[in-house]
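I opened this entry to keep track of what I looked up in the structure, residue by residue and then pocket by pocket. The model itself is shown below.

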Amino acid sequence: MNQNIPIHTQTATGDGPNANPADLFLQEDIPARYYRMPLEELRQRGAEAKKRLGDDLLILCHHYQQDDTFWFSDISGDSLYLARQAAKTKAKYIVFCGVHFMVESADIITSDGQAAILPNLTAGCSMADMADIDSIEDCWDYLSDLVGSEKLLPITYINSTASLKAFCGKHGGTVCTSANAQKILTWAFKQNKKVLFFPDQHLGRNSAKALGVPADQISMWERAKEDGGLKNETIEKASIILWDGYCSVHCRFTPQHISDARARRPDTKVIVHPECPEEIVAMSDYSGSTSQIIQKISESKPGSSWAVGTEINLVNRLAKEHFKKDGKLIDILNPNVCVCSTMYRIHPANVLWVLDQLLDGNIPNQITVPPETKKLAKVAIDRMFELS
Ligand code: SF4
C-alpha cells in the first residue's frame, strides 16, 4: 500500500466556528518497510512496543476495524463506550483506531497532557463530511428567522466534526450516539422545542419514529435545494428537522436482502443498525447500535441464526466467535461487501509506525481541537454523558 496517494482527504475541523475547508489532512509517508513486514513481525514488534510504553499507552479500537488492526487493541467498543474509556484513562498517548471524529472527541474529553492519535490521518467518515459548520449555521439562521432560535435545539450525532459539537454546546444542545439517540431525543422533545438533527437523517428518523413522532412532523433539510426545499408550514409543523446526511455503508442494505435472508433460512432473525434506511429498520426483527447488536446476539439461544445489517468486519468477527462458541449462524445481510473503507485505512503497519514514533520521543498524527471549540464541544458531550 502506498501512503503517497491520498485516496481520501478529510476537511479540517474544529478550527473555531469556521474551519477552513481548504485545509486537508494528509498522511505523511511511512517507511515502506512497515508495509512489507509480515503480520507476525508486526505483531511481535507491536507487542514489544506496547510493553515498553506500558501505562503511558492506551489503544482503543472501534468494532468496525479489520481484525489485523483489532489485534492491537487494549479496549474495543462502539463510539460511546470508547469515548467513556478515553474520558477515564490517565494514559499519555491514546492511539485511537477509529476515524477522525472519534479521535477529536477523545481530544475534547481528555486533559491537556494527553495526546489523542489517529494512526492514519486519511481515516475519515463520509457521513461526518456531509455536514460542515457553515452550512449548519446557514440552516440554523434560516430556521431561527422563521420560528425563533429559542424554539430550536441542535443535536448532533457523535459522527460529526468538533465544530458541530461546539455549535450544539453553544446553543443548549447535545451529542448523541446510536445507542442513546432515543433517550437524547426524549430529553429534547420534553423541552417543547424543534430539534435540528445532523448529520444522519436515518438515525434521526428511526429514533423519532420509535418514539412515536408522526411522519408529518418529521421533515428533512435538503442541502442541494434552496431553503432546504422546505415550505414554511412544514417547518412550523415539524418536531424534528433532519439533515440529509447518510452512511454509505448502512445504506447498502435493501428489502430484497432481507427477503433473501429469510428465504435462505426461515428461522433467521434480522438485526440492523439504525443508520439503515427506515424501510430496512421496519422490515427487520430488531435494530440497535453495534453494542446492542452484539448483546442481542450474545443473549440469543445457542444454534440461532442471524442476518446482520452493519459493517462487515464486526459481522465476520461475531460469526467466527459464535459459530465456535454456541453454534450460531451469523451472516452479513448484504452478501456484497459492506466495509467502512475509511476505517479500513488503519492498517497494522500504521499502528506499529505510531508506536515506534512514540518510543523515539515523537508524537505523530496528534489530533488537536482548538481551545474555544474544545470548551464548547465538551459542554455538549458532558451533557450527553449526564443524560445517558
Ligand atoms: S460506517 Fe459509515 S458512519 Fe460509520 S465511520 Fe464508516 S462511513 Fe462513517
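**Entry 1, a glutamine side chain.** I began with Gln 114 in this predicted model, and noted that a polar atom of its side chain lies 2.9 Å from the backbone oxygen of Ala 91. I then found a polar atom of the Gln 114 side chain 2.9 Å from the backbone nitrogen of Ser 111. I located Gln 114 in the loop between α5 and β6 (115–117), and I logged Gln 114 as buried because its relative accessibility is 8%, where buried means under 20%. Setting aside neighbours within four places in sequence, I listed Thr 89, Lys 90, Ala 91, Lys 92, Ile 94 and Gln 366 as its contacts.

**Entry 2, the helix before that loop.** How many residues of α5 are buried? I recorded 10 of the 10, so α5 is largely enclosed by the rest of the structure. Among the buried residues I wrote down His 100, Glu 104, Asp 107 and Ile 109.

**Entry 3, the largest pocket.** I read off a volume of about 360 Å³ for the largest pocket. There are 30 lining residues, and I noted Tyr 64, Cys 125, Asn 159, Cys 247 and Glu 275 as the closest to the centre. The elements that give two or more residues to this lining are α4 (79–88) and α5 (100–109), which brought me back to the helix of the previous entry. Sorted by class, the lining of the largest pocket holds 15 nonpolar, 13 polar and two charged residues.

**Entry 4, domains and the second largest pocket.** I copied the domain assignment of the protein chain, which gives domain 1 (10–126 + 342–369), domain 2 (129–243) and domain 3 (250–332). Taken over C-alpha atoms, the centres of domain 2 and domain 3 are 29 Å apart, and their contact takes 10 residues from domain 2 and 10 residues from domain 3.

I then turned to the second largest pocket, which holds about 270 Å³ of space. Of its 18 lining residues, the closest to the centre are Gln 182, Asn 206, Ser 207, Ala 210 and Ser 287. I noted α8 (181–190), α9 (201–210) and α12 (278–283) as the elements giving two or more residues to this lining, with the largest share, five residues, coming from α9. By class I entered seven nonpolar, eight polar and three charged residues for the second largest pocket. Where does this pocket lie with respect to domain 2 and domain 3? Both domains give residues to its lining, so I placed the second largest pocket between them.

**Entry 5, a histidine.** I found His 257 in helix α11 (residues 255–264) and, at 13% relative accessibility, counted His 257 as buried. The side chain of His 257 makes a polar contact with the side chain of Asn 334, at 3.4 Å. Not counting residues up to four places away in sequence, His 257 touches Arg 252, Leu 333, Asn 334 and Pro 335.

**Entry 6, a glycine.** Is Gly 172 buried, partly exposed or exposed? I entered Gly 172 as partly exposed, with a relative accessible area of 28%, and placed it in the loop between α7 (162–170) and β8 (174–176). Beyond its neighbours within four places in sequence, Gly 172 is in contact with Leu 153, Trp 187 and Arg 383. I also noted that the C-alpha atoms of Gly 172 and Val 281 are separated by 30 Å, the two residues being 109 residues apart along the chain.

Definitions and conventions
Residues numbered from 1 in each chain as written. Predicted model: local features only at pLDDT ≥ 70, side-chain atom pairs only at ≥ 80, totals over all residues. Heavy atoms only, no water. 1 Å grid on protein atoms, 1.4 Å probe; cavity = no way out; pocket = protein on both sides within 12 Å on 5 of 7 lines; lining within 4 Å. Points joined across faces, edges and corners; volume = space filled by probe spheres on them. Helix = DSSP H or I, 4+ residues; strand = E, 2+ residues; numbered from the N terminus. Nonpolar A, V, L, I, M, F, W, Y, C, P; charged D, E, K, R; others polar. Domains from an automatic or database assignment. Buried < 20%, exposed > 50% of the residue type's maximum accessible area, 1.4 Å probe, protein only. Polar contact = N/O pair within 3.5 Å; in protein donor to acceptor, adjacent residues only side chain to side chain. Contact = heavy atoms within 4.5 Å.
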